[in-house]
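Please open the structure in a viewer and keep the sequence at hand. The tour below proceeds by selection, one stop after another.

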Amino acid sequence: MDLRLALALRDAGVGWTPRVGDRFAVPDRDLDDEVFVLSDMVVELRDTPSGDVLAFNGTTEWALDSLEADAAVWLPREDQLRELLGDALVSLERLDGGDAPAGWVVTVGVAGARERHVEVSVEAAYARAVLAVLAALGR
């Protein structure tokens, strides 16, 4: 999920109740390209003289100690986008590109008609479909 689509979802009224495992971005703070994951515990890989160690930390020390949740932008996963579509979801199809998928098509039922949304990533296709359903519902 790219930040541009995530912002479009937020602007369309898609709400977010943060939960462990959710991904988010922090725009406009020189962190636009970083993806963060909500976690109960942070695990970092440390290179020590005796070998790699997985260090379990309660917090990560950095310049941003806390952040208002509404300053973060939710980057929904594929399963979360499917849930947002609910009964409007008709199908997901892979566009064949030989060895790798060339893209994805999400078909939704909107106001009695079917719409297809094609994107390179499955999450982007789902996000476009969510935006179309919200627009059709006047949100």
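**First stop: a strand residue**

Select Ser91, which is placed in strand S6, residues 89-97. The model in view is a predicted one. Is Ser91 buried, exposed or partly exposed? Its relative accessible area is 24%, so Ser91 is partly exposed, given that buried means under 20% and exposed over 50%. Now show the surroundings of Ser91. Apart from residues up to four places away in sequence, Ser91 touches Val105, Val106 and Thr107. Add Val108 to the selection: the C-alpha atoms of Ser91 and Val108 are separated by 7.0 Å, although the two residues stand 17 apart along the chain.

**The whole chain**

Zoom out and colour by secondary structure. The protein chain holds three helices and eight strands. Read from the N terminus on, the order of elements is α-β-β-β-β-β-α-β-β-β-α. Of the 139 residues in the protein chain, 32% are buried. When contacts between residues at least 6 apart in sequence are considered, 44% of them join residues at least 24 apart.

**A loop residue with positive phi**

Move to Ala111, in the loop between strand S7 (100-110) and strand S8 (113-119). The phi of Ala111 is near 50 degrees, which is a positive value in a residue other than glycine. Ala111 counts as exposed, because its relative accessibility is 80%.

**Helix H1 and its two sides**

Select helix H1, residues 3-11. Which residues of H1 are buried? They are Leu3, Leu5, Ala6 and Leu9. These residues lie on the same side of H1, because they cover an arc of only 160 degrees around the axis. Turn the view to the other side of H1, where Arg4 and Asp11 are exposed. Return to the buried residues of H1 and display what surrounds them: they pack against S1, strand S2 (31-37), S5, H2 and H3.

**The aromatic cluster**

Next, show the aromatic side chains. How many aromatic pairs are there? The count comes to three. Begin with Trp16 and Phe24, whose ring centres are 6.1 Å apart. Their planes meet at 35 degrees, so this pair is tilted. Then select Trp16 together with Trp74: this pair is stacked, with 6.3 Å from centre to centre and 0 degrees between the planes. Trp16 belongs to the loop between helix H1 and strand S1 (23-26), while Trp74 belongs to strand S5 (residues 73-74), so the pair ties together parts that are 58 residues apart in sequence.

Two of these aromatic residues merit a look at their accessibility. Phe24 counts as buried because its relative accessibility is 13%. Trp74 likewise counts as buried, at 12% relative accessibility. Add Phe36 to complete the selection, as ring pairs link Trp16, Phe24, Phe36 and Trp74 into a cluster.

**The second largest pocket**

Keep Trp16 and Trp74 selected, since both are among the residues that line the second largest pocket. The other lining residues to add are Gly15, Thr17, Arg19, Asp22, Gln80, Glu83 and Leu84. The volume of this pocket is about 190 Å³. By class, its lining comprises three nonpolar, three polar and three charged residues. Which element gives the most to the lining? It is H2, with three residues.

**Helix H2**

Select helix H2, residues 78-85, and mark its buried residues, Gln80, Leu81 and Leu85. Look down the axis of H2: the buried residues fall within an arc of 145 degrees, so they line one face of the helix. Step on to Gly86, just after H2, which takes a positive phi of about 55 degrees.

**Last stop: Glu123**

Finally, select Glu123 in helix H3, residues 122-136. Is Glu123 buried or exposed? The relative accessible area of Glu123 is 16%, so this residue is buried. Display the neighbourhood of Glu123, leaving aside residues within four places in sequence. Glu123 is then in contact with Met1, Arg23, Pro76, Arg77, Glu78 and Leu81. Leu81 has already appeared on this tour, as one of the buried residues of H2.

Technical notes:
Residues are numbered from 1 along each chain as its sequence is written. This is a predicted model: local features need pLDDT of at least 70, side-chain atom pairs count only at pLDDT 80 or more; totals for chains, interfaces and linings use all residues. Side-chain values use heavy atoms; hydrogens and water are left out. Helices (H or I, at least four residues) and strands (E, at least two) are DSSP runs, numbered from the N terminus. Buried means under 20% relative accessible area, exposed over 50%, partly exposed in between (1.4 Å probe, protein chains only). Contact means heavy atoms within 4.5 Å. The arc is that of the directions from the helix axis to the C-beta atoms. On a 1 Å grid over the protein atoms alone, a cavity is a set of points where a 1.4 Å probe fits but cannot get out, and a pocket is an open set with protein on both sides within 12 Å along at least five of seven lines; lining residues have an atom within 4 Å of a point. Grid points are joined across faces, edges and corners, and a volume is the space filled by probe spheres set on the points. Ala, Val, Leu, Ile, Met, Phe, Trp, Tyr, Cys and Pro count as nonpolar, Asp, Glu, Lys and Arg as charged, and the others, Gly among them, as polar. Rings of Phe, Tyr and Trp (its six-membered ring) pair if their centres lie within 6.5 Å; planes under 30 degrees apart count as stacked, over 60 as edge-to-face and the rest as tilted.
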